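Me: Please take a close look at the salt bridges of this structure and at their surroundings. I am in my first year, so kindly explain each term when it is used.

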Amino acid sequence: MTQEISRTAIGEFQQRFSRLRSEIGKRIVGYEAVIDQVLTAMFAGGHVLLEGVPGLGKTLLVRTISQATDLTFHRIQFTPDLMPADITGTNIIFDDEHGGRTFRFQPGPIFANLVLADEVNRATPKTQSAILEAMQEQSVTVGGKTHQLPGPFWVLATQNPIEMEGTYPLPEAQVDRFFFKVDVYPQGEEELLGIIQRTTSDDLIQISPVLDRQEILDMHHTVRQVMIADFVQRYAARVILATHPTNAAAPETTRRYVRFGVSPRGVQSLILGAKVKALLAGRFNVSCDDIRSVAHPALRHRMIRSFEAEAERITTDTLLDNILNHVAEPAAAA
Amino acid sequence: MSRHLPEQKSIETILARLRTRQRMRNVASSAVRGALAGGIAAVMTSVAAIVAGAEWTTSALWTSPAAIPVGLLVGAVVGALLRIDTLEIARALDRAAGSEDRFASAVDLAQHHRAARVRLVLDDALERVSGTSESAALPLRAPRELKWLPAPVVALALLLIFAPQPGTAAQDLPVPELSPEDWAALHDDLRQELDELDKPESDEERALAEELEKLAELLKENPEKKDALAAIARLRDQIENQRKNLGSPDVSMRQAAAAMQSSQALAKFAALLSMGDYQAAAQELEKLAEELKNSETQLSAEDFEAMADDFERLTAELSQSDQLAADARQCAGAASRMNRQELSDALKRLSESMKRNADKMRQSDKLCRSQSMLDRLQKKLSCKNQGECKKCGNGKCNGDGNCSGAFVKRSDKKGGLKAGWGTAPQWTGGKLSDQAETRMPELDDARESSGQQNVFSVVSPDEKARSAQDAKELYADMVRKAEADLMLETAPPAYREYLKRYFVSIRPADSAPADADAGE
């Protein structure tokens, strides 16, 4: 029996979140916003795509999260020769105790609570698509048989910017299945000093699991119990519609620089991410500010820019800024 | 949710206070907007009235400011009736309390079927907004339009002060050409001259005297100048008609008497003549004739010569009267021949002629005096420097009655050549009708003869004289001038044809056809 939302439940949510964050902070220097966004997506039940140039600590972040939680963790290094079966698993012949031979499903690395898809865009689109079903249905179908993945199930993927050598762009259908896309930027001087101190000495940083599987499932449930008023939902819907270039209410920048707007999965991410934000703020309701705070990671990878935007190096974050400034909150003026 | 939670009642209480507060804000804001709109409407109405020069300008200027309080009242009513958005005021409270949409969400979710969760939201919201007053959420700020409200008020005040008022405009009406004092002076002068006139004896004289009295009364009433001039012209015509009907010689016996200054024997006759006592003058001539006949008076050659000169002058002065002039001429001839008997007879004839015409001459004198009186009055009215003209009794006038000064046209709103509308200085005392201005030539001395009549004289109305040029010469002269003009510039072919047709149409019948080629 799961716990009904209450002040106690919210307190526990905040405390668990804080505990996990502190544990991660033992190893990861800086990146508070990146960690918050990754954890927000995880507790909302979504997958995360981390993008940044090599060496910024993306993989280390995901490995640290896995160590801080008492969950099964697999890492898949995506390479150009990686095959779909290498991810999902395949049926192999086994010798049974009776001397006979039988096909038995050998689960691939996707069968884990937390899967690190490292450098996901270095594999071919065919292989990248192998995790589509797993990400959406939390199941894998091999040889005509569907195998359910353990819950909770997250894919934390890292990728290098598309301009890098030897990368394949992720298909739009797969990108859309990521709850958040988190941009990882180079850190500042203070953060680099911290990295130097922690990684170049013989001090051992021990990461301990601070959350177990059940606690995480409870947190998932608590997130979905947060209430959201109609006017906040309406605001979220208006933001989504404003990303569509064919919408009359869209700002000029959207009509000019966006080829395809955000899918309905985007508004789901927006609302669920905002609910996590509301819980972290100790509220039982979602506010319009919560919507705005998660708009960038939830929507930036779902907007397909036009050629003109790419030529003029206009990012989706810039477009989203314009949209958030353009869309008025319901009953904003009094 | 069928039943209300206790928290919902608290929410409703807060909302009710917020609604009241918001209604006050709406009333204040709408009232200011209404007043501003009323002010703008008032200014526009006033400006439109001034620009259009409407008769209701004054009333518009004074009543339009009432649009401001009316607008304020209407605005307040509209503001009180405006719909209040519950979500709007709830979010305003959230902003004031920093409660991140808690209260607005609680209001929105109050009827949600998840009662337990709703209670949590309501409790949370009430806890966060409990310390926040509705005045903090919905402060009573001065509406932005308030700073513009003085503008129409000031504009209206300026319009009231500086706008041209119909009362002011009336002061710009043209002042009368003659002041009441001028009319009084004219009346007094005319009255004095009327008193000096002889008493009327005939019906016609009485009628004329009554008309002159009416004119004097008219002057007393400060009339329009044109009315006075019209009355004078009418009286002049009446006098002229009476003089024509009288049939008396149009002579000035007084002027004739003034010319007789040489002879001592005729001195008494001249004195009586200048006094207008024609009967006595005739008797004096008769007496002189008897004395000459009876040789009671001895005349020297110089006396005869002086008498001849005086009678010559008298003859010249009486040239308008054939009978009197002939009698005077015979007297002059007899005197020059120093023939006493002949002179006596001639004097008797002249005496009898004067006796016959004495009454008419006396009446003519009266009419002349009346006419002179009217002439002087007309000149005074026409004179611009009345009271100082040399001719009409004042010093500034140049003597022709058309001097400039007090009688100039005061208004340029009306004009023209008619007497009255400021054109009196240009009026020469002619007829007031438009026909006086026509300048069509008159045919004079048209003689009836056989065949076509080609010889006639052209007389202009001004000159009243025969033209020295006949029609043929005039036509030839016109053709020559037209040819000379055509040498200077090229006339279009169509226009040449027009000229040719013109000259052909006016060519005299016996003119040479070559003349008609002038148009070509």
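Reply:
**Salt bridges within and between the chains**

Arg256(A) has a relative accessibility of 41% and therefore counts as partly exposed; this class lies between buried, under 20% relative accessible area, and exposed, over 50%, with a 1.4 Å probe and protein chains only. The model is a predicted one, in which local features need pLDDT of at least 70, side-chain atom pairs count only at pLDDT 80 or more, and totals for chains, interfaces and linings use all residues, while side-chain values rest on heavy atoms, without hydrogens and water. Residues are numbered from 1 along each chain as its sequence is written, and chains are lettered from A and ligands numbered from 1 in the order of writing.

The partner of Arg256(A) is Glu308(A): their side chains form a salt bridge with an N to O distance of 2.9 Å. The term denotes a side-chain nitrogen of Lys or Arg within 4 Å of a carboxyl oxygen of Asp or Glu. This pair joins distant parts of the chain, since Glu308(A) belongs to helix H14 (residues 307–311) of chain A and Arg256(A) to helix H11 (residues 252–257) of chain A, 52 residues apart. Helices are DSSP runs (H or I) of at least four residues and strands (E) of at least two, numbered from the N terminus. Glu308(A), at 30% relative accessibility, is partly exposed.

A second salt bridge in chain A joins Lys26(A) and Glu23(A), 3.0 Å from N to O. Lys26(A) is partly exposed at 39% relative accessibility, whereas Glu23(A) is buried at 6%.

In chain B, Asp101(B) forms a salt bridge with Arg91(B), with the closest N and O atoms 3.1 Å apart. Here too distant parts of the chain are linked: Asp101(B) is in the loop between H4 and H5 of chain B, and Arg91(B) is in helix H4 of chain B, 10 residues apart. Both count as buried, Asp101(B) with a relative accessible area of 7% and Arg91(B) at 4%. The two also belong to a network of salt bridges that includes Asp289(A), Arg292(A) and Glu329(A).

This network leads to the interface, where 25 residues of chain B are in contact (heavy atoms within 4.5 Å) with 25 residues of chain A. Together the chains bury about 2000 Å², 55% of it on carbon and sulfur atoms. In chain B, the residues losing the most area to chain A are Arg91(B), Arg117(B) and Leu120(B), together 29% of what that side buries. Buried area is the accessible area (1.4 Å probe) that two parts lose on being put together, summed over both.

Between chain B and chain A there are 5 salt bridges, and a search over all chains of the whole structure gives 39. Another salt bridge is that of Glu127(B) with Arg7(A), whose closest N and O atoms are 3.3 Å apart. Two or more residues each come to the side of chain B that touches chain A from helix H4 (86–97), helix H5 (102–109) and helix H6 (115–129) of chain B. H6(B) supplies the largest share of this side, 7 residues. By class, the side comprises 8 nonpolar, 3 polar and 14 charged residues. Nonpolar here means Ala, Val, Leu, Ile, Met, Phe, Trp, Tyr, Cys and Pro; charged means Asp, Glu, Lys and Arg; the others, Gly among them, are polar.
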